[in-house]
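Colleague: Thanks for sitting down with me. Could you bring the model up, and I'll ask how you arrive at the labels you use?

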Amino acid sequence: MSNSDFGLIGLAVMGQNLVLNVESRGFQVSVFNRTTSVTEEFVAAHPDKKLVGAKTLEEFVQSLASPRKVMIMVKAGGPVDAVIESLIPLLDQGDIIIDGGNSLYTDTERRDKWLGDLGFRFIGAGVSGGEEGARKGPSIMPGGPASTWDVMRPIFESIAAKVDGEPCVTHIGPGGAGHYVKMIHNGIEYGDMQLICEAYNIFKAAGFEPKELAEVFTDWNEGDLESYLIQITSKIFAQKDPATGKPLVDLILDTAGQKGTGKWTIMNAVENTVVISTINAAVEARILSSMKDQRVAASKVLEGPKPEIDAKKKKLVKKVHDALFASKIISYAQGLDLIATMGKEKGWGLDLGKIAAIWRGGCIIRARFLNHITEAYRSNPELGNLMLAPYFTDLLNDFQENWREVISMATLAGIPVPAFSASLGYYDSYRSAVLPANLLQAQRDFFGAHTYERVDKPRGEMFHTDWPEVIG
Ligand code: 6PG
């Protein structure tokens, strides 16, 4: 019987939870997984739900009402193409395929064209929120034709997280725009996580125990730093290892993994000549963390001060709060700058206010301060840099002294704070009316006759000097 409203292929954790979410909103859902036993077990585990478990792809496709809406939740890359290829002979023109994985946006653009040429409709949708978000309401970033969005809208809006009654989903733009914005979301996620880790490292050097840190982060989560990542960090600090009774965080090896979205973000920033130094630092910090053996060896020969910070705990908490918040603002300013630049380059017509609004709930970077970002772009869609929105200018002016102090303290104690420092470096460069690039231009002209402009002549007029010869 062809009466399922929605179909999903790929019953890993995210897929299963999305299915349960869609079903819970009153839709009948068909499911298919390459390993049939996974499908059978999943359907059997939810006997009271309107689920149709298909043993074959043919059966799956036949169980869907027209136009068919098929969401693919498999590993990004080759597996997505493989599923699409096997679907093509079974689907009819006008059917909709949605890729809900963390696909590279250029792959999405290719698939958009490929499927569009064949008469199918394709949506590349970023889905954020992990397992819990998928089940209760994720933030969804769909890209593709606006007319396809119109068809998908009721389902997407009903399953997405809600903030003040507004669903955390919007049509991002055509082609790969949705997966692109999800990629930058992940870059920002990397930045947020690294900044929190740097705050933790400073606190550790000042003698804070995980138990105290659980309290600090719980307090922060009740204030202007309120966010999902701060909240889960407080819970992580409170977690004991059942085997040893010790704080679990102390037993976890300090080498971070990454699947690639952070790396893609910085590659795209370089292509667009946009500075995202905080996100760069976060990606590189993960790379350095993974070089555990080299670090252990180097720690025995390369000297530095003892990583100890002597400070009154209460005062330090406030200072680190300000440093963290200021750096976080920079990270978002950079990520949003990249989205705006790329959006213009591609003619995607992106609305930064809407993007910030759908990040307020459901996703990993959801945070109270996204309300202010939303407001900043809603009141000035042409806002050049987030730092220049009055609310954020005031905060940065307020935080900058403590921010400098925290970075100085950490640096003097030999504690690495690459993302805090990169953020402050960006802030100081951006607010400098004069930078030392005059010397750089002289150097370029010296060895390569690249010419330079002069401060006492109109812009655009180029000069060259016959510099003295250098012998040897
Ligand atoms: C989300 C997450 C999710 C996942 C990423 C990041 O928005 O729900 O970003 O997509 O955590 O895959 O993973 P890595 O840290 O492994 O790169």
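Colleague: Which residues have the most contacts inside the largest nonpolar core, and how many residues does this core have?

Modeller: Do keep in mind that this is a predicted model. The largest nonpolar core has 95 residues, and Phe203, Trp359 and Leu386 are those with the most contacts inside it. Helix α14 (residues 313-346) gives the largest share of this core, 15 residues.

Colleague: From which domains does this core draw at least three residues each?

Modeller: From domain 1 (6-175) and from domain 2 (182-430). The chain also has a domain 3 (435-472), and the C-alpha centres of domain 1 and domain 3 lie 56 Å apart.

Colleague: What does Trp359 touch, leaving out residues up to four places away in sequence?

Modeller: Trp359 touches Ser139, Met141, Val181, His185, Ile188, Leu336, Ile339, Ile365, Arg366, Ala367 and Leu370. There is also a second, separate core of 28 residues, which includes Leu18, Phe27, Leu51 and Met73.

Colleague: Let's turn to a helix pair. What makes α8 oblique to α9?

Modeller: The axes of helix α8 (residues 177-205) and helix α9 (residues 210-220) cross at roughly 135° and come within 12 Å. Angles over 145 degrees count as roughly antiparallel, 65 to 115 as roughly perpendicular and under 35 as roughly parallel, and the rest are oblique. The crossing of roughly 135° therefore makes α8 oblique to α9.

Colleague: Is the crossing of α8 and α9 left-handed or right-handed, and which residues meet there?

Modeller: α8 passes α9 in a right-handed crossing. On the α8 side, Ile196, Tyr200 and Phe203 meet Leu213, Val216, Phe217 and Trp220 in α9.

Colleague: Which residues of helix α10 are buried, and what do they pack against?

Modeller: In helix α10 (residues 228-238), the buried ones are Tyr228, Leu229, Ile230, Thr233, Ser234 and Phe237. These buried residues pack against α8, α9 and α14.

Colleague: One last residue, then. Why is Thr261 called buried?

Modeller: Buried means under 20% relative accessible area. Thr261 has a relative accessible area of 9%, so Thr261 is buried. Thr261 sits in helix α11 (residues 261-271).

Colleague: And what does Thr261 touch, again not counting residues up to four places away in sequence?

Modeller: Thr261 touches Asn102, Met183, Asn186 and Tyr190.

Terms used: Residues numbered from 1 in each chain as written. Predicted model: local features only at pLDDT ≥ 70, side-chain atom pairs only at ≥ 80, totals over all residues. Heavy atoms only, no water. Core = buried A, V, L, I, M, F, W, Y, C linked by side-chain atoms within 4.5 Å. Buried < 20%, exposed > 50% of the residue type's maximum accessible area, 1.4 Å probe, protein only. Helix = DSSP H or I, 4+ residues; strand = E, 2+ residues; numbered from the N terminus. Domains from an automatic or database assignment. Contact = heavy atoms within 4.5 Å. Axes fitted to C-alpha atoms, helices over the stretch in contact; angles between N-to-C directions. Left-handed = near helix turned anticlockwise from the far one by under 90°.
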